[in-house]
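Colleague: I should be grateful for a guided reading of this structure. Please explain each feature in general terms before turning to the case at hand.

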Amino acid sequence: MPPKNKRPQQHGDDEVEEPLQAVILTDSYDARFLPISHELPRCLMPLCNIPLIEYTLEVLAISDVRDVFVVCSSHIDKIKAYFDESSRWMNPKGKLNVKIVACPDAMSVGDALRELDARQLITNDFILTSGDLVSNIKLDKAIEDHRARKKTDKNAIMTMVVKEAARSHTSRPLEGASIFVLDPVAGQCLYYEPVEALPKKDRIEFAPSLFEQHQEIELRNDLVDPRVDICSVEVPALFTENFDWQRLRRDFVHGIITSDILGKTIYTHLVSEAYIAHIQNERIYNAVSMHVLNRWAFPIVPETNLSPGDDYEFSRGNIYKAGNVILSRSCIVDENVQIGAGTVVGENSTVRRSVIGKNCQIGSNVNLDGVYLWDGVVIGNHCHIQQSILAQNVSILDHTNIDHGSILSKGVTVGPNATIPKYSRLSLEPQPKNNMFESSDEEDDGDNGKKKRARKAGPDASFFSLGLEHEHVLHGDHAPVYIWTHYANDDDDVDERNIKLDTLAYDIRDLVLDEHELSESASDIGESSDDESDLASVGEAFNLNVDDSKKSEEFKKEMALTIERSLVEDHTVDTAALEITGLRMSSNGKYSDVREILIPLLINQIDLSNPVASMKKVLTKWGPLVDKVMHKSEDQVHILSLLQKHCATNPALGKIFLGSLQILYNIDVIEEDAVMTWYTTGASKDGNAEELKLRDKATKFVEWLNEAEEESEEDSDED
Amino acid sequence: MSLLFEKTKHQRQCEFQAVILAGYGSSNKLYPISEDENLPKALLPVGNRPMIAYTLDWLEMAGIFDAIVVIQSTGNAQQKLSGYITRNYTGNVHCNVVGVAEDCGTAEALRAIKDKIAHDFIVVPCDLITELDPRNLLDQHRLRDTTLTALFYAPGESAKDDEALPFVGIDPTRQALVYKSEPMEDDDISIRMSLLTKFPRVRLHTNLQDAHLYIFKRWVLDMLADKEYIASISDDLIPMLVKCQYQKKMVDREQVNKYASGYQGLLQTALALSTTYSNDVDEDVFMPDPIHSSFKSPVTTQVYVYRDGFCGRGNTLDNYAELNRHVIKQGTPIMRVPPTSEVAPKTQVGNDSIIGEHTKIDERSSVKKSSVGAHCIIGKNVKIANSVIMDSVVIGDNVKVDGCIICNHAKVLEKTILKDCEVANDYVVEKESQIKGEKLVAFRQAMA
């Protein structure tokens, strides 16, 4: 769709309105898409193999817009370079007159608009949008309404374009909803409240004074807000006046509507037919990609070939293939797949629900499901990749598995034979410190306040602060790859879980909810005002019952990793104990689970080629840790049966059973009574043949214990 | 074939039963005109017909021929009403008058008569007069087949503002009633997020009035029977049903499913078993969402909003007067001056007024925008405007009556000027008095 040169036509004697200006904010001022966004601005990230900003400019090109200001705060050079080299928008004959405005100091939307105001670039009403808008809307109607409204309501300063959709529409963010209170006839926005998903909000409240001027109002929880606003000239000036406004919705819209002094009004323009979404997070990136492949945004579909030189063709099953793609005979390309030019797919490989960029090499026996491969990705043989984003020139060596939700930044190489766990974020560059939640445990004391807040924010936050402080680096036959930890907005108390909800392919079952969040309150009969708040609640069986097993599974896995790391990296007992406690508390795990994990790992540490010395060394060092996960004598019995069970799995381990028992006894981790209880009760007797054999081995030890006891008793008698 | 036809006709007659709440819950908003000595509320004349006659006509138009009239058993109200139904009522609705204790709530009244109700039922107040075609309402109810269908109307311009209108929340896509709250002066309006999760689009109205006309499923009565703490229909039962639509916990706590499941319609059962039909698939069937958990409620409601014509209730003195004015207003095809009445030649009876049987009006008087009952005797040079004069009232010469309600057997003696007064029955207004805006009640009665 080339930019149109058509100028707006004059209607009779109407005065001709000046074409609008447009402001594209290329920076999202948040931490989504890390670590990719560390190296590439969001607006240049490809969606269906076209940089996002192209979609945005496309929308503006079919509207009545001439001057476009592309406001950049980070990656300014890259955006400039993009427009200089590869974009067709800089053509002076084109309809749009694109200017790059660099605001390197802007830290928020508010800053950027204040900067615009200071430079006096805005001379007319303008469309304010972000560089990640995907839409097939023609904004003419909204612009017309905006202009008409300005004639009747002098105070109207902004028209927000919002789309009606189902509440659970996939292009709505999960992390939070926006409740709009509108005048159903005029579309005036009377109240705006952002509602975060977690912690759960019970009610929204607003003053009944709204009804003084409006007999009917409408509450909308079903709108997609793509951040397309038609603003009056005075909007940047209002940001300058209110220097503390940072965010467009939360501060500006909320501020304008609730202010009695400013007396300005904001309207909404509802659209229901057009497709409109903005890629505000990884999950929506995934959703919108699929929408485009499923032709929801028609004519914004791959075979429209928006970008010059593309030659995608559409075939059945929503498969879009560029001209010179080489698919092996035996590969399977399932539904909803886009494959860019120059890509090769090897034998017996399967591709589903995926977008593959240009010049990618996919080996044989590869399984790709829900994967976004940007240009130049190389995947070796026998790889399995699920629901992940692999940025430009990533290479995955043979036999590598990547679990869902992973994001691999530019140029990363992993493998061979690697397994990348879910939600991993890998980059060639180390994570900047200020993005870490906490950098090291040495700072624990100083950071207590922060940590407290982290706990409050959710168990997972503290998990990240305690469990994964150590920077992870993957080494191999390739450049070191840094594992980025979870990032956090350090500016305010955002619930970590809200951010997680909208990460790529986030499995809702991994969500940890507090008990009170699962329940809901109910009114009492006869309450006409509906004002009571009944929080005495019964947990609803979501995460608590149904997914308990899953959660504890998860916990065990993490615990095993933590303990193993402590053992391998030879931490002090105290550090290890702290980590275990932290993890156990954050996941609400049981000590018995900890023991079940600890004992086998500990025994496995013993070097079987030199059992005696090694056993002594390992158990003497880590005995105190075992001691720390026990509280009662039953716990010691538990340890013994765990020891018995584990040693019975392997004859080599069986040999060290008695020795281990003895050492544990000698260093006072296990007491005599516990050994006796274990020996005489079902704890040791109920087991398979191997286990019973070990019990027999222990007989000697027990006899010796008995004798020792008798002796000591005799000793005391003699005294 | 004819047998089959007969059968369906019979069934249709039994689709709904009506419960008329006669003179019920109006407390003393109609004091002093509906006192025991005068008339029960249901029999107060509107355009010289008892109020309840309009309700019965409406039911007949709706095709409902089986009504239970609930009235307080204290005093002689029940007796008077039964008398009217058996002797004077000429319509086809079969009425069963049941008396209940005076202080019992509307829901309690329903509980008292639950054995008499076998079908889905419609609760109507006796004081509702509306131009709404009942078939429209019933058809909408049948279409969505909801647990509760309520009628709301936009009050006319002339309605006084003294009654603040409630906040009514309606989901415009499904016409579901999702929120109802009495008006508050200062408190913020508070809406549960669970409501906005289940009904993402809610339109809040402050320009609608509850007609107190409800259509219920029969199982609601079963639930009502077990839950004695539900006392009033509009204050307890309706809010509960509304909230049950989105509060899962309430549904569980009140065990609503137990009652609702027993009364699944044949059609619903058939559709539920169908492999192709999907009735209102809940949004998160495919993707469980613990944060916005939604559920399929056994309770559904809907609202019929009537805006096109007149709808009003006679539950206050002002509203009662308004009903009268509406019924007798210009252009209504009613008999205004019956042949049995004697109106002197120089007296004017406006075509916005009505005169009862055997009433005599002497010369040079005028009657405007008023209804005058039967057997009244009105003197010379009397001006009556905007008033309701009931039966057997005597008005002396040179009296001016404006905006008044004068009850049976009252006497207004010569040269009196009454404005905006209510005169109780048997009361005698002394001659040459000038009274404005008072309730004139005999001392004995006031004490009682």
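Modeller: Let us begin with the surface. Chain A exposes about 31000 Å², and carbon and sulfur atoms supply 49% of that area. Accessible areas come from the Shrake-Rupley method with a 1.4 Å probe, and for residues only the protein chains shown count as cover. This is a predicted model, in which local features need pLDDT of at least 70 and side-chain atom pairs count only at pLDDT 80 or more, while totals for chains, interfaces and linings use all residues. Residues are numbered from 1 along each chain as its sequence is written, chains are lettered from A and ligands numbered from 1 in the order in which they are written, and side-chain values use heavy atoms, with hydrogens and water left out.

Colleague: How many helices and strands does chain A have, and what share of its residues is buried?

Modeller: Helices (H or I, at least four residues) and strands (E, at least two) are DSSP runs, numbered from the N terminus. Chain A has 21 helices and 37 strands. A residue is buried under 20% relative accessible area, exposed over 50% and partly exposed in between, with a 1.4 Å probe and protein chains only. Of the 719 residues in chain A, 56% are buried. As for contacts (heavy atoms within 4.5 Å), those in chain A with a separation of 6 or more include 61% between residues 24 or more positions apart.

Colleague: What are the corresponding values for chain B?

Modeller: Chain B contains 13 helices and 33 strands, and 53% of its 448 residues count as buried. Among its contacts between residues at least 6 apart in sequence, 56% join residues at least 24 apart. The exposed area of chain B is about 20200 Å², with 49% supplied by carbon and sulfur atoms.

Colleague: Why is helix α2 of chain A described as largely enclosed?

Modeller: In helix α2 (residues 52-61) of chain A, 10 of the 10 residues are buried, so the helix is largely enclosed by the rest of the structure. Among these buried residues are A:Glu54 and A:Glu58, as well as A:Leu52, A:Ile53 and A:Tyr55.

Colleague: How should one read the packing of two helices?

Modeller: Two packed helices are described by the angle between their axes and the distance between the axes. The axes are lines fitted to C-alpha atoms, for helices over the stretch in contact, and angles run from 0 to 180 degrees between N-to-C directions. Angles under 35 degrees count as roughly parallel, over 145 as roughly antiparallel, 65 to 115 as roughly perpendicular and the rest as oblique.

In chain A, the axes of helix α6 (residues 234-241) and helix α7 (residues 248-258) come within 12 Å and cross at roughly 95°. α6(A) is therefore roughly perpendicular to α7(A). The contact is formed by A:Val235, A:Leu238 and A:Phe239 of α6(A) with A:Leu248, A:Phe252 and A:Ile256 of α7(A). By class, these residues are 6 nonpolar, no polar and no charged; Ala, Val, Leu, Ile, Met, Phe, Trp, Tyr, Cys and Pro count as nonpolar, Asp, Glu, Lys and Arg as charged, and the others, Gly among them, as polar.

Colleague: At what angle do helices α15 and α16 of chain A cross?

Modeller: The axes of helix α15 (residues 591-604) and helix α16 (residues 611-628) of chain A cross at roughly 175° and come within 11 Å. α15(A) is therefore roughly antiparallel to α16(A). Participants in the contact include A:Tyr591 and A:Leu598 of α15(A), and A:Trp622 and A:Lys628 of α16(A). This contact has 9 nonpolar, no polar and 1 charged residues.

Colleague: Which peptide bonds are cis?

Modeller: The bond from A:Leu34 to A:Pro35 is cis, with omega near 0°; A:Pro35 lies in the loop between β1 (20-25) and α1 (36-39) of chain A. Another cis peptide bond joins A:Phe298 and A:Pro299, with omega about 5°.

Colleague: How many disulfides does the structure hold?

Modeller: A disulfide is a covalent bond between the sulfur atoms of two cysteines. Here the criterion is a pair of cysteine sulfur atoms within 2.5 Å, and the structure holds 0 disulfides over all chains. For B:Cys407, the nearest cysteine sulfur, that of B:Cys404, is 11 Å away. The sulfur of B:Cys421 is 4.8 Å from the closest cysteine sulfur, in B:Cys404, which is too far for a bond. B:Cys421 is buried, with a relative accessible area of 0%.
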